[in-house]
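Open the model in your viewer and keep the selection box at hand. We will go stop by stop.

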Amino acid sequence: MSEHLTLGEYLATQSGPQARVVTATVQAIAEAAQELAERVSLGVLAGAMGDMHGGRNSDGDAQKQLDVEAHELFLRRLRGAPVAAIASEESDHPEVLQPDAPLVVAIDPLDGSSNIDTNVSIGTIFSILPALEDLPQSFLQAGNQQLGAGFVVYGPQTALVLSLLQGTSVFVLDRRRNVFVLSHAKLELPAGTREYAINASNYRHWNAPVRAFVDDCLQGTDGPRGRDFNMRWIASLVADTYRILMRGGVFLYPADRRPSYRHGRLRLVYEANPVALLVEQAGGAASDGVRRILDIEPEQLHQRIPLVFGSADKVERVRRYHLDPIQSTQGWPLFARRGLLRG
Ligand SMILES: O=P(O)(O)OC[C@H]1O[C@](O)(COP(=O)(O)O)[C@@H](O)[C@@H]1O
Ligand SMILES: [Mg+2]
Ligand SMILES: [Mg+2]
């Protein structure tokens with residue numbers, strides 16, 4: 001791998017008015033992630049991870065020890081970066097760091113918390129935005145204002161997936177040298193993959209378009225799509241996103257009828273927006289079922305949003321199920337009318 005660029009060398013090649021501050025911020029996040037990667041790889045040898053911390057986060061989720069540790073770690077490391085404020089899933093309100101600095105960071109310090117004790121991949125997701133005079137308002141800018149975004153997946157390899165608006169690249173942590181090195185430059189999300197990701201245990205709570213989409217996939221060659229599909233669900237957004245960036249397919253976490261899932265499960269500002277930027281920069285698409293994620297103006301820091309992303313053709317297909325009422329009605333007799341969904 002020695003011929004591959006290190007993250008530091010890659011960041012040094014970036015140019016543009018905000019490049020210096022954005023790259024310094026990415027560097028601080030990467031250093032924190034290296035520390036967290038070490039902690040995660042040691043598991044309980046380095047102390048309790050998945051035990052309940054006792055608190056609840058902004059969304060009412062019970063916090064685990066590692067959620068809180070990760071939050072504190074990123075906060076500490078970002079104090080030295082040109083960051084005016086940080087908004088975290090684990091904190092109700094943004095925390096001010098250097099009020100006059102040019103950037104703000106929204107972060108999910110530990111994504112996939114339900115997997116902490118199961119030795120399944122977990123991660124960190126972040127979004128970098130310009131700081132506005134009204135600091136809290138900085139976090140309510142649409143995702144299309146992001147200056148950069150990324151996530152780190154702590155899996156068999158620790159990998160940083162990053163976009164600074166010129167494509168999406170992957171850096172793997174080389175533990176022999178303790179640096180991230182470029183492994184995939186300018187990813188292109190593969191099209192044509194017959195794979196979808198959804199938590200199917202929520203089937204009975206879904207709305208009709210989502211059920212119709214999944215029903216048609218499940219029917220495989222016997223149904224209107226005329227082909228078989230494969231399903232994957234890791235329940236860790238970073239791991240599911242990594243797979244889709246590498247292999248294609250589509251991910252859905254839709255809204256459903258459960259009282260606290262009326263807007264889905266995932267958070268717009270620090271989960272959907274960064275993932276949408278990374279996926280679009282790799283040639284894919286991301287929507288809330290109908291609207292482009294990156295064009296949605298957040299109303300609240302911790303608001304949830306239904307999230308559909310992956311290969312552009314598949315995200316468009318899911319949109320058609322939402323827009324065409326015929327697709328929302330289920331049953332064999334309608335197959336002939338679902339011609340536009342074939343393939
Ligand atoms: O347990 P469910 O309902 O399948 O939800 C899984 C989703 O929840 C998440 O764990 C939410 O993120 P947090 O762990 O940061 O709360 C995603 O990583 C994942 O896609
Ligand atoms: Mg998360
Ligand atoms: Mg989290």
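This is a predicted model. Start by selecting Ala286, which stands opposite Phe309 in β17. Ala286 is a way into strand β15 (residues 285–287) and its neighbour: β15 and β17 run antiparallel, joined by three bridges.

Now select Phe251. Phe251 also stands opposite Phe309 in β17. Widen the selection to strand β13 (residues 250–253), which pairs with β17 in the antiparallel sense over four bridges.

Stay with β17, residues 307–310. Are its faces covered or not? Both are covered. Leu307 and Phe309 are buried on one side, Val308 and Gly310 on the other. In general, side chains in a regular strand alternate between the two faces of the sheet.

**The eight-stranded sheet**

Next, show the open sheet of eight strands. Trace the order β4-β3-β5-β6-β7-β8-β9-β10; the pairing is mixed. The edge strands are β4 (95–96) and β10 (179–184), and each pairs on one side only.

Add helix α3 (residues 65–78), which packs on this sheet. Helix α3 touches β3 (83–88), β4, β5 and β6, and its direction makes about 155 degrees with that of β5.

Zoom in on strand β5 (residues 103–111) and strand β6 (residues 122–130). They run antiparallel, with seven bridges between them. Pick Val105 to see one pairing: its bridge partner in β6 is Ile128.

Then bring up helix α7 (residues 268–281). Helix α7 lies across β3, β5, β6, β7 (148–154), β8 (158–163) and β9 (168–174). It runs at about 85 degrees to β6.

**The annotated site**

Which residues carry the "binding site" feature in UniProt? The unreviewed entry places it at Asp108, Asp111 and Glu271. They are spread over 164 residues of sequence, yet they cluster in space: the largest C-alpha distance is 8.8 Å.

Select Asp108, found in strand β5. Asp108 is buried because 29 other C-beta atoms lie within 10 Å. Beyond its sequence neighbours up to four places away, Asp108 touches Glu89, Thr124, Ile125, Tyr270 and Glu271.

Move to Glu271, in helix α7. Glu271 has 26 C-beta neighbours inside 10 Å, so it counts as buried. Leaving aside neighbours within four places in sequence, its contacts are Asp108, Ile125, Leu237 and Leu266.

**Last stop**

Select helix α5 (residues 208–219). At 1.5 Å a residue, its twelve residues should span 16 Å; the end C-alpha atoms are 16 Å apart, which agrees. Colour its buried residues: Pro209, Val210, Ala212, Phe213, Val214, Asp216 and Cys217. Finish on Gly220, which follows α5 and has a positive phi, near 55 degrees.

Key. Residues are numbered from 1 along each chain as its sequence is written. Chains are lettered from A and ligands numbered from 1 in the order in which they are written. This is a predicted model: local features need pLDDT of at least 70, side-chain atom pairs count only at pLDDT 80 or more; totals for chains, interfaces and linings use all residues. Helices (H or I, at least four residues) and strands (E, at least two) are DSSP runs, numbered from the N terminus. The expected span of a helix is 1.5 Å times one less than its number of residues. A residue is buried if 20 or more other C-beta atoms lie within 10 Å of its own, exposed if 12 or fewer, and partly exposed in between; C-beta atoms are placed from the backbone. Two strands pair if DSSP finds at least two bridges between them. Two residues are in contact if their C-beta atoms, placed from the backbone, lie within 7 Å. Axes are lines fitted to C-alpha atoms, for helices over the stretch in contact, and angles run from 0 to 180 degrees between N-to-C directions. UniProt positions are given in the numbering used here, feature names are shortened, and annotations may be inferred rather than shown by experiment.
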